[in-house]
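These are my notebook entries from a session with a two-chain model. Come and look over my shoulder.

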Amino acid sequence: MKRIYSVSVENRSGVLCKVAGLFSRRCFNIDSLAVGETDDPAVSCMTIVSSGDERTIEQIEKQLNKKLDVIKVKTFDENASISRELMLVKVKYNRGNRRDIMENCDIMKAQIVDMSKNTMIIQICDEPERIQLFLKMLQTISIVEVARTGTLALPKCKDAEN
Amino acid sequence: MIGADAIVKCLEAEGVEYVFGYPGVAICPFYNSILDSDIRTILIRTEQNAAHAASGLARVSGKVGVCAVTSGPGATNVITGIATAFADSIPLVCITGQVNSELIGSDVFQEADITGAVESFVKYSYLIKNVNDIPKAFKEAFHIANTGRKGPVLIDIPIDIQNAPVPKFHYPEEVNMRTYKPTVKGNMAQIKKVVKELEKAKRPIICAGGGVQLSGGVEVLRAFSEKYQIPVVSTMMGIGVMPTRHPLYYGMVGNNGKPCANRAMNESDLLLMVGARVADRAVSQPDLITNNKVLIHIDVDPAEIGKNVGPHVPLVGDVKHIFEDLAAQEIQCDHTHCSYGEWIKTLDRYRTEMEVKRNPKKEYVDPAKFITMLSDKMQEDGIYVADVGQNQIWSCGYHIVRKGRFLTSGGMGTMGYSIPAAMGAKLADKSRQVIAVCGDGSFQMSMMELATMRQHDIPVKIVVLKNNYLGMVREFQHYNYKDNYSVVDLSGSPDLEKLVAAYDMDFLRLSNMEHAEETIDAFLKEDKSMLLECIIDPMDLVK
């Protein structure tokens, strides 16, 4: 079972280590992790994607809540959330495959953000599954390096929300 | 005023009477400042024992135990003590000196990343980088340590911060942390569910854990059990919640517990797990205890509920508060309606029928008989500190708690705990008799503290059950490795009579049960430290 945890934490040094340490010490999985400051500079938001059985999923939330640097834990299902990932891929290209790459980028709504005579950097921001798909499509050409953020997610909007 | 003075002021404001520790350069400013205070410093002989002593003091006084050690090896040595306190939820504040804050991270002499190293054994830790943060950090640390699920807090303070001038000292009166607000009161709807279950139950039982003692809920739980005639068993940490010979108490559960206690728990139809973790030693197959019964799990730590077993009625809150609220409820379960009476009759029968029969050899001291005799002769409110090993299991099984306390390292099972913890317990209440009971293995892990007892005049009594073996491991090898004993022979141990003589301590030896009565009388007669060596059968087993 996959679960997304959106964890507000005190924006202090060492907090990332404490939260990550909790996962490793209790043998919880981290599928992906993304951290950034929120609108309040004293608060950071960690988006953690994890998986496990029901008891594990519940324990992760409870153990996160026990950490004194954790302000709030929100947890939600993939289906109940909007999730995005950002990926930058540097690829080698030549006259023969340039058009193919550009077509693929068009289909997947990816952008070419930097170029040299034989390499280019492609940027894509999409759902994690589509990022994976795009990466698969690029595998026929020569990938130089890849940088990916973890998943960012927020629960979907509801009408009655304040 | 400098940072070190501010630390001492914080400790004074918290009413700290004793600091256990070991100095080194990085904590010297603090140890210099404390000279001007009424707080007494106890020079322990190894840092691990500073935390154990603070733990003993905390458990008897109900206050936070404090230790202060230096950076690097001082700090890393104290980790086992901190982990021991963490496993048993004992409130400690541990101060560690640190190298100059500008040098942190450059691997200078005696530098250790102690906040990183203890992360999984502390409730919280601080690395102070600004001298003005000292009062707030200490206020929070004492609050965190002694509220909610109690536990150790570490404060790491670089030497330059200890020496930095403090423009104005102000100790905060209140703690306001947005991330820490432990649940104390139990949810009323859940409490009502407990009442309903008790009314339905025919064979209810309470399993009391260490949380009962820690919350100060001993009396209210006991009164509740007596009012409704609900039988009680306990975990190792829950020993002493009920007096051992209380008619409603059936002993310790678990793989080293009393058979009748385990049977009582298994045959119950309603189990109230109170302030206990449902850990492997108490409940080896957690799934089984929810099969044929309703499980109510009461704990102050929400993460404990559902961690090892999923209860039917989870109830988060402080044991004392919850039982006060439960006591205020009208529970319709007179004996005729619920027939708890029949249940108790059955349990009483189990208690007699399932009593463990031992066949001790006459030429040795029988630890079982000896421990019962010792507990009957010690002061009614005396404190019995059991170490770890076979001695611990015998102590759990045969020590009789009347109005006293039973202390031991339950969660971590740290050998060498008893002597330093007994010293802390004695300092917490000098009017009470304190006896540390250890094996010859565990004694040698803490025997350096005889010097501390002598130096600071801490009259703790020590019993060493001597069998020249690491008995518990030997027993394990007996059952699991067909008597292929490996690294358990304690030959080379010192002559204890000569050893204690070197510390000007009195010595007694008991070789068999013949003179047990008078030897124990002599051992307990005066309020001074003494060591009693009991020669026990090296091949004796706890099971």
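**Entry 1: chain A, order of elements**

I began by reading chain A from the N terminus, where the elements run β-α-β-β-α-β-β-α-β-β-α-β-β. That gives chain A four helices and nine strands. My helices (H or I, at least four residues) and strands (E, at least two) are DSSP runs, numbered from the N terminus.

Some housekeeping before I go on. This is a predicted model, so I kept to its limits: local features need pLDDT of at least 70, side-chain atom pairs count only at pLDDT 80 or more, and totals for chains, interfaces and linings use all residues. Residues are numbered from 1 along each chain as its sequence is written, while chains are lettered from A and ligands numbered from 1 in the order in which they are written.

**Entry 2: chain A, extent and domains**

I looked up the extent of the C-alpha trace of chain A and found about 55 × 35 × 35 Å along its principal axes. Of the 162 residues in chain A, 22% are buried. I call a residue buried if 20 or more other C-beta atoms lie within 10 Å of its own, exposed if 12 or fewer, and partly exposed in between, with C-beta atoms placed from the backbone.

I then checked the domains of chain A, whose bounds come from an automatic or database domain assignment. The assignment gives domain 1 (2-76) and domain 2 (84-154). Their centres, taken over C-alpha atoms, are separated by 29 Å. Seven residues of domain 1 of chain A are in contact with five residues of domain 2 of chain A; contact means that the C-beta atoms, placed from the backbone, lie within 7 Å.

Which element gives the largest share of the side of domain 1 of chain A that touches domain 2 of chain A? I found that strand 2 of chain A does, with three residues. By class, this side of domain 1 of chain A has four nonpolar, three polar and no charged residues. For these classes, Ala, Val, Leu, Ile, Met, Phe, Trp, Tyr, Cys and Pro count as nonpolar, Asp, Glu, Lys and Arg as charged, and the others, Gly among them, as polar.

**Entry 3: chain B as a whole**

Moving on, I counted 23 helices and 18 strands in chain B. The radius of gyration of chain B is 24 Å, close to the 24 Å that the globule rule gives for 543 residues, so chain B is as compact as a globular protein of that length. I took the radius over C-alpha atoms, and the globule rule is 2.2 Å times the number of residues to the power 0.38. The C-alpha trace of chain B spans about 70 × 60 × 45 Å along its principal axes, and buried residues make up 55% of the chain.

I found three domains in chain B: domain 1 (3-163), domain 2 (188-353) and domain 3 (367-535). The C-alpha centres of domain 1 and domain 3 of chain B lie 28 Å apart. Here 22 residues of domain 1 of chain B are in contact with 26 residues of domain 3 of chain B. On the domain 1 side, helix 3 of chain B gives the most, with ten residues.

**Entry 4: strand 10 and helix 12 of chain B**

I zoomed in on strand 10 of chain B, where five of five residues are buried. B:Leu270, B:Leu272 and B:Val274 point one way and B:Leu271 and B:Met273 the other. Strand 10 of chain B runs parallel to strand 7, with five bridges between them, and B:Pro204 stands opposite B:Leu270. Five bridges also join strand 10 of chain B to strand 11 (residues 294-299), again parallel, and there B:Leu272 has B:Ile296 as its bridge partner. I count two strands as paired if DSSP finds at least two bridges between them.

Strand 10 is also among the elements that cover the buried residues of helix 12 of chain B. Those buried residues are B:Cys260, B:Ala261, B:Asn262, B:Ala264 and B:Met265.

**Entry 5: helix 23 of chain B**

Where do the buried residues of helix 23 of chain B fall, seen down its axis? I first noted that B:Thr519, B:Ile520 and B:Phe523 are buried. They fall within an arc of 95°, so they line one face of the helix; the arc is that of the directions from the helix axis to the C-beta atoms. On the other side, B:Glu517, B:Glu518, B:Asp521 and B:Lys525 are exposed. The buried residues of helix 23 pack against helix 16, strand 16, strand 17 and strand 18 of chain B.

**Entry 6: where the chains meet**

Last, I looked up the contacts between the chains: eleven residues of chain B are in contact with 14 residues of chain A. The chain B side divides into five nonpolar, three polar and three charged residues.

How values were computed. Contact = placed C-beta atoms within 7 Å.
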